[in-house]
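Okay, thanks for making time for this one. I'll put the structure up, and then I'll talk through it bit by bit.

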Amino acid sequence: MKITSKVLGERGRKQGEALGIDPSRIPPGQYLTSKFPVLTYGRNPKVDLPSWSLSIDGEVEQPFAVTWDELMAMEQTTLTTDIHCVTRWSKLDTTWTGVRVRTLLERAKVKPEGKFVLAHSDGGYTTNMPLELLYDDDVLVAHTYEGEPLELDHGAPLRLLVPKRYFWKSAKFLRRLEVLTEDKQGFWELNGYHNDGDPFTEQRHWF
Ligand SMILES: Nc1nc2c(c(=O)[nH]1)N[C@H]1C(S)=C(S)[C@@H](COP(=O)(O)O)O[C@H]1N2
Ligand SMILES: [Mo]
């Protein structure tokens, strides 16, 4: 049998049904996994927490950087959500703790011209998204996964979590959120992945 996106989608939804999960939670063309696959382009960066910082800058009135301790002193949010990778695995009910990106953007006071964000990671990885998306309640900069500090392979010390998009938008080893007036594509977006990356409408590639 030819493995098409539809077959895979049915596989995922059947898996879900067998587990008593609402099949509408599983985007078309995805299957469920209980593993946590690692997908990193290039090597993991070295982490040095004392010199680490996260910057919010670009089209903002008050650009700032927070140290690790400052970030940990901010209000923390824990949430449980589903994640979907463009390589077709989905993982349900993953639990994350971190700081809402909205809180960081509000503190930076985004200028009216600021409409897009380019996330920058240690090691040079980048990914873009509309600013508006980052005000959602489920968007975090996350340092804890299932109650444990994030593993280096999964983006320690801090990663972006944008559950409503394919997981490549959830930049690991996050160091900077740059607010922009014009959209500017990131690493995978320049290399064939879709600019928006909504899993439920299967925005996988732009070709
Ligand atoms: N810095 C950085 N972030 C990244 C990546 C990367 O290569 N470098 N890969 C992305 C891709 S393609 C996916 S699917 C997810 C994978 O996250 P995981 O390894 O924790 O499953 O991280 C995303 N964030
Ligand atoms: Mo990915």
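I'll go through the sheet, then the salt bridges, then a helix and a surface patch. Keep in mind that what you're looking at is a predicted model.

So, the sheet. It's an open one with 5 strands, and the order runs β3-β2-β11-β6-β7, with mixed pairing. At the edges you've got β3, residues 64-67, and β7, residues 126-130, and each of those pairs on one side only. Going from one strand to the next, the twist averages 15 degrees.

If you want one pairing to look at, take β6 and β11. That's residues 116-121 against residues 174-180, running antiparallel, with 6 bridges joining them. To find your place on screen, look for S121: its bridge partner in β11 is L174. As a reminder, strands of a sheet pair through backbone hydrogen bonds, either parallel or antiparallel.

Out on edge strand β3 there's T67. Buried or exposed, where does T67 fall? In between, actually: T67 has a relative accessible area of 35%, so we call it partly exposed. T67 is also 13 residues from L54 in sequence, while their C-alpha atoms sit 6.7 Å apart in space.

Okay, charges. Side chains of opposite charge can pair when their charged atoms come close. How many salt bridges does the structure hold? There are 11. I'll pick out a few.

Back in the sheet, R176 and D57 meet through their side chains, at 3.0 Å from N to O. R176 is on β11 and D57 is on β2, so this salt bridge ties together parts that are 119 residues apart in sequence. As for how covered they are, D57 is buried, with a relative accessible area of 18%, and R176 is partly exposed at 28%.

Next one's in the loops, and it's all about K164. The side chain of K164 makes a salt bridge with D136, 2.7 Å from N to O. K164 sits in the loop between β10 (159-161) and β11, and D136 in the loop between β7 and β8 (140-145), so the pair links parts 28 residues apart in sequence. K164 also makes a salt bridge with D138, this time at 3.1 Å, N to O. D138 is in the loop between β7 and β8 too, so here the parts tied together are 26 residues apart in sequence. K164 is partly exposed, at 37% relative accessible area. D136 is partly exposed at 25%, whereas D138 is buried at 17%.

There's a network as well: R25, D82 and D93 are joined by salt bridges that share partners.

Now the helix, α3, residues 101-108. Which residues of α3 are buried? V101, L104, L105 and A108 are. Looking down the axis of α3, the buried residues fall within an arc of 95 degrees, so they line one face of the helix. That goes with the textbook geometry: an α-helix has 3.6 residues a turn, so residues three or four places apart point the same way. After α3 comes K109, and K109 has a positive phi, near 55 degrees.

Last stop, the surface. V47, L49 and L152 make a nonpolar patch of about 200 Å². L49 is in the loop between β1 (31-32) and β2 (53-58), and L49 is partly exposed, at 32% relative accessible area.

That's my tour, so over to you.

Notes. Residues numbered from 1 in each chain as written. Chains lettered and ligands numbered in written order. Predicted model: local features only at pLDDT ≥ 70, side-chain atom pairs only at ≥ 80, totals over all residues. Heavy atoms only, no water. Patch = residues over 30% accessible without salt bridge, like charges linked within 9 Å, V, L, I, M, F, W, Y side chains within 5 Å. Areas by Shrake-Rupley, 256 points an atom, 1.4 Å probe, with all protein chains shown as cover. Salt bridge = Lys/Arg side-chain N within 4 Å of Asp/Glu carboxyl O. Helix = DSSP H or I, 4+ residues; strand = E, 2+ residues; numbered from the N terminus. Buried < 20%, exposed > 50% of the residue type's maximum accessible area, 1.4 Å probe, protein only. Arc of directions from axis to C-beta. Pairing = 2+ DSSP bridges. Axes fitted to C-alpha atoms, helices over the stretch in contact; angles between N-to-C directions.
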